[in-house]
Amino acid sequence: HTVVAGAKRKEWSAILPTPIERFHQADMTPKQQEVYQMILQQVVELIQKEMENNQALRDLLSGVESEEGESEGGVGVDQLLKPYLQRLEKFVTAPSSDALGATMLHGEDLVSPKAREIIKLCTEHIASNTQGKILIFTNYVESAIAIFEAFPSELRTKVIHYTADMKEECG
């Protein structure tokens, strides 16, 4: 079985075997790339606007940084940029969850390149009769939903879409 899980890693880490991590290239379609560039431009404009009122962000982007990777205001790079970069990350995994993606993309362009690669890997795993389960962790509920919905019907019968808010009813 394949489990598409949206739970926080700390909830699972004690019971999971050592993960096998591999990196796979997943290319966006030309239309997805076009929309991604539009979203990126919107994000850059938003960051530039926010810099006017956010000293920590201004320090970070002007190169004022401490040795610990934090801006002078004590805020880390990840913490400062994550709110802005989330939209891009979500789009790559769930293009239809973004308003611009939902408007501009149609048909196969609505399917994430990451979802396609995950489906390919799961199909290969099942075909090889390898024992064990496949766990797919996502950072966002939208990503888990998009991956789950991208599975073809013959595979979807082997997939469980589980999120952390389901732990009481599953447990």
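Student: Is Ser112 buried or exposed, and what is its relative accessible area?

Tutor: This is a predicted model, and in it Ser112 has a relative accessible area of 2%. Buried means under 20% relative accessible area, so Ser112 counts as buried.

Student: Where is Ser112 placed, and which residues does Ser112 touch?

Tutor: Ser112 sits in the loop between helix H5 (99-104) and H6. Leaving out residues up to four places away in sequence, Ser112 touches Gln32, Val92, Thr93, Ala94 and Pro95. At the start of H6, a side-chain oxygen of Ser112 also comes to within 2.9 Å of the backbone nitrogen of Lys114.

Student: How should I read the span of helix H6?

Tutor: The general idea is to take 1.5 Å times one less than the number of residues in the helix. Helix H6 covers residues 113-127, which is 15 residues, so the expected span is 21 Å, and this agrees with its end C-alpha atoms, which are 21 Å apart.

Student: Which residues of H6 are buried?

Tutor: An α-helix has 3.6 residues a turn, so residues three or four places apart point the same way. In H6 the buried residues are Pro113, Ala115, Glu117, Ile118, Ile119 and Cys122.

Student: What does the backbone do just after H6?

Tutor: Just after H6, Asn129 takes a positive phi of about 55°, and this is a positive value in a residue other than glycine. Asn129 belongs to the loop between H6 and strand S2 (134-137), and with a relative accessible area of 63% Asn129 is exposed.

Student: Which residue of helix H2 touches Ser112, and what surrounds that residue?

Tutor: That residue is Gln32, found in helix H2 (residues 30-51), and Gln32 is buried, with a relative accessible area of 2%. Besides Ser112, the residues that Gln32 touches, not counting those up to four places away in sequence, include Phe91, Pro95, Leu105, Glu108, Asp109, Val111 and Pro113. A polar atom of the side chain of Gln32 lies 2.8 Å from the backbone nitrogen of Thr29.

Student: How many residues apart along the chain are Met28 and Ser112, and what separates their C-alpha atoms in space?

Tutor: Met28 and Ser112 are 84 residues apart along the chain, while their C-alpha atoms are separated by 7.5 Å. Met28 is placed in the loop between helix H1 (9-12) and H2, and, not counting residues up to four places away in sequence, Met28 touches Gln33, Tyr36, Phe91 and Pro113.

Student: What share of contacts in the protein chain joins residues at least 24 apart?

Tutor: Among contacts between residues at least 6 apart in sequence, 63% join residues at least 24 apart. For the setting of these contacts, the protein chain has nine helices and three strands, and from the N terminus on its elements run β-α-α-α-α-α-α-β-α-α-β-α. Of the 171 residues in the protein chain, buried residues make up 30%.

Student: What is the volume of the second largest pocket, and which residues are closest to its centre?

Tutor: Rolling a probe the size of a water molecule over the atoms shows where empty space is left. Here the second largest pocket has a volume of about 170 Å³. Its lining holds 13 residues, and the closest to its centre are Ser96, Leu110, Val111, Ala146 and Glu149.

Student: Which element gives the largest share of that lining, and what classes of residue are present?

Tutor: Helix H7 (residues 141-150) gives the largest share of the lining of the second largest pocket, with five residues. By class, that lining has seven nonpolar, four polar and two charged residues.

Student: Is Ser143 in helix H7 buried or exposed, and with which residues is Ser143 in contact?

Tutor: Ser143 lies in helix H7 and is buried, with a relative accessible area of 4%. Leaving aside neighbours within four places in sequence, Ser143 is in contact with Thr93, Ala94 and Thr138. Ser143 and Ala94 are 49 residues apart in sequence, and 5.2 Å apart in space from C-alpha to C-alpha.

Student: Where does Thr138 lie, and what does its side chain reach?

Tutor: Thr138 lies in the loop between S2 and H7, and its side chain reaches the backbone oxygen of Tyr140 at 3.1 Å. At 13% relative accessibility, Thr138 counts as buried.

Terms used: Residues numbered from 1 in each chain as written. Predicted model: local features only at pLDDT ≥ 70, side-chain atom pairs only at ≥ 80, totals over all residues. Heavy atoms only, no water. Helix = DSSP H or I, 4+ residues; strand = E, 2+ residues; numbered from the N terminus. Buried < 20%, exposed > 50% of the residue type's maximum accessible area, 1.4 Å probe, protein only. Polar contact = N/O pair within 3.5 Å; in protein donor to acceptor, adjacent residues only side chain to side chain. Contact = heavy atoms within 4.5 Å. 1 Å grid on protein atoms, 1.4 Å probe; cavity = no way out; pocket = protein on both sides within 12 Å on 5 of 7 lines; lining within 4 Å. Points joined across faces, edges and corners; volume = space filled by probe spheres on them. Nonpolar A, V, L, I, M, F, W, Y, C, P; charged D, E, K, R; others polar.
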